[in-house]
Amino acid sequence: MTPEELSAALVRILNALASDGRVSVEIPETVRVERPKNREHGDWATNIALQLGKKAGMNPRAFAQLVADELAKEPGVSKVDIAGPGFINISLDAAAAGELAKAIVEAGAAYGTNDTLAGHKINMEFVSANPTGPLHIGHTRWAALGDAIVRVLRASGAEVSAEYYINDAGNQMNTFALSIYNRLHGLPVQEGGYPGEYIQELADAIAADHPEVKGLTEEAAIPVLRQFGYELQMADIKKTLADFGVSFDTYFSESTLHESGAIESSVERLREQGHVFDQEGAVWLRTTTFGDDKDRVMIRANGEPTYFAADAAYYLNKKDRGFPEKMYLLGADHHGYVGRLKAIAAAAGDDPEFNIEILIGQLMSVNGARLSKRAGNIIELRDLIDWLGSDALRYSLERVPADSPITVDPELLKKASNDNPVFYIQYAHARSRQAARQAEARGVDRSVFDASLLTDPTENELLAALGQFPSVVAGAAASREPHRVARHIEAVASAYHSWYAACRITPVGEDAVEPVHNTRLWLNDAATQVIANGLDLLGVSAPEKM
């Protein structure tokens, strides 16, 4: 019996009690079951009687007794106890508990997916680095976390579009182009320009592909170099992200907002809502109405739009594209954006508590990381990947809550030991695959499954950890905290290693293969599947061998 099946049984019992008139209360669609902290209290527990008892006008313990009496009749349930003010503790018989192993293997990659966020359509924006240089350490954590959040949201039924906002408007692009122009002509980069060696690399690449550019005047060359440089740098950014296992559904160009008239249109749309006013020759959005600390200028007195105007136009563009929910993953230095972005949502007629969500993460550092030779004054993401590997880097960032600062220890990540969390997880997967290969060589297959044979305490612990995986994924999605998945598969790996040491999958010596061996292979492969599914949600590989 899986936790989902137990939850469904509880819902069915509650609806039956309501239909019989024994309780009078609105029955929820799902009932949460959890592992009790003390395993002596049973396999699973629920506090549903505490939630519904008083609403039904009953003592929670009395409510719990009604549920317990019916639940005890369910096949596979060996005992139901009531504890404290109304907790219901549930014990399963060995066969019912062990059936989970077969269910996981048969579900395969789908095990852990759920529909708790079905119906949600979300635009998730993250990274969004300027296209004037390579991705660096400041983008690394948000790339890993953003991608993992997208994965757990999708695994929980949400429709999610991952989006990268390209800041390709404004004077920075001309500064970028002029830097390339100077390098193209063997001149030093201008004051305030981009001095990294990557600028010389861009200049050399453009000269090789478009030699005619070198003969243009500075005035004529700047727009050409801006476009060519932009294309080359974005290609580098996309390649780095791909090497980091991060993909986007949409790369949205800020310049299109300016070229299409979307900024001017957004100003008028918000004016029609009654939130735009003119003062001192400038156009303002009255964001203080919605809790912002000050009103914001949209169009300067000289007629130039502000970054805030582009933010407003971009928000409305997402709304027009049919995304009710817009999520932004921002760095620790962007706390000031929360109020203004929520004010934009409110001014646009949306609910800032539902239609927009802003996640703020803390900074990261890497001990011993070196400044990029290409960029000079930054630590490049590509260098971190080459140094530490995508798997180790991603996992080390994703197993820590986003709101906690983190210092990555390269020496630890390079260790092939259990002290290294990513090694510990991947080794558990590789070990389980090796066990399956050894079983096949000894003639052990999955032709027999008898769940009642999974009686060892370590098997109970492993099954318990495997059974919790779907609820962990759902919780990670609801809270936007992929570190929950990482920490749980560490627990699965720990339970697997303990089980592997205690229980044999293959017979001793020349002994015959017995049903217990076949059944344990199912459990082994179930652990393999859960670890692989968890690693996939984190964008980390599950190696066959180590």
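**Notebook: S161, helix α3 and the empty spaces**

I began with S161 and listed its contacts, setting aside neighbours within four places in sequence: I122, N123, M124, R154, D249, T250 and F323. I note here that the model is a predicted one. I then placed S161 in strand β5, which covers residues 159–166. Is S161 buried or exposed? I found S161 buried, because its relative accessible area is 10% and the cut-off for buried is under 20%.

Next entry: helix α3. I read α3 as residues 60–71, 12 residues in all. From first C-alpha to last, α3 reaches 16 Å, close to the 16 Å expected at 1.5 Å a residue. At the N-terminal end of α3 I found a cap, N59. A side-chain oxygen of N59 lies 2.7 Å from the backbone nitrogen of R61. I listed the buried residues of α3 as P60, F63, A64, L66, V67, A68 and L71. I keep one general point beside that list: an α-helix has 3.6 residues a turn, so residues three or four places apart point the same way. Which elements do the buried residues of α3 pack against? I wrote down two helices, α1 (3–19) and α2 (48–52), and two strands, β2 (77–83) and β3 (87–92).

Then I turned to the pockets. I took the volume of the largest pocket as about 1100 Å³. I counted 39 residues in its lining, and S128, A129, N130, N167 and H334 lie nearest the centre. I noted α11 (307–320) among the elements that supply at least two lining residues; α11 gives the most, with four residues. By class I have 20 nonpolar, 14 polar and five charged residues in this lining.

For the second largest pocket I noted about 920 Å³ of space. Its lining has 34 residues, with R32, T116, P470, S471 and A474 nearest the centre. Helices α1 and α2 are among the elements that each supply at least two of these lining residues. The largest share, nine residues, comes from α17. I split this lining into 14 nonpolar, 14 polar and six charged residues.

Last entry: the cavity. How many cavities of 30 Å³ or more are there? I count one, with about 90 Å³ of space in it. Its lining includes M1, T2, P3, R35, D43 and W44. I found that α4 (94–107) and α17 (457–479) are the elements that give two or more residues to this lining. The largest share, three residues, is from α17. I sorted the cavity lining into eight nonpolar, two polar and two charged residues.

Technical notes:
Residues numbered from 1 in each chain as written. Predicted model: local features only at pLDDT ≥ 70, side-chain atom pairs only at ≥ 80, totals over all residues. Heavy atoms only, no water. 1 Å grid on protein atoms, 1.4 Å probe; cavity = no way out; pocket = protein on both sides within 12 Å on 5 of 7 lines; lining within 4 Å. Points joined across faces, edges and corners; volume = space filled by probe spheres on them. Nonpolar A, V, L, I, M, F, W, Y, C, P; charged D, E, K, R; others polar. Expected span 1.5 Å × (residues − 1). Buried < 20%, exposed > 50% of the residue type's maximum accessible area, 1.4 Å probe, protein only. Contact = heavy atoms within 4.5 Å. Polar contact = N/O pair within 3.5 Å; in protein donor to acceptor, adjacent residues only side chain to side chain.
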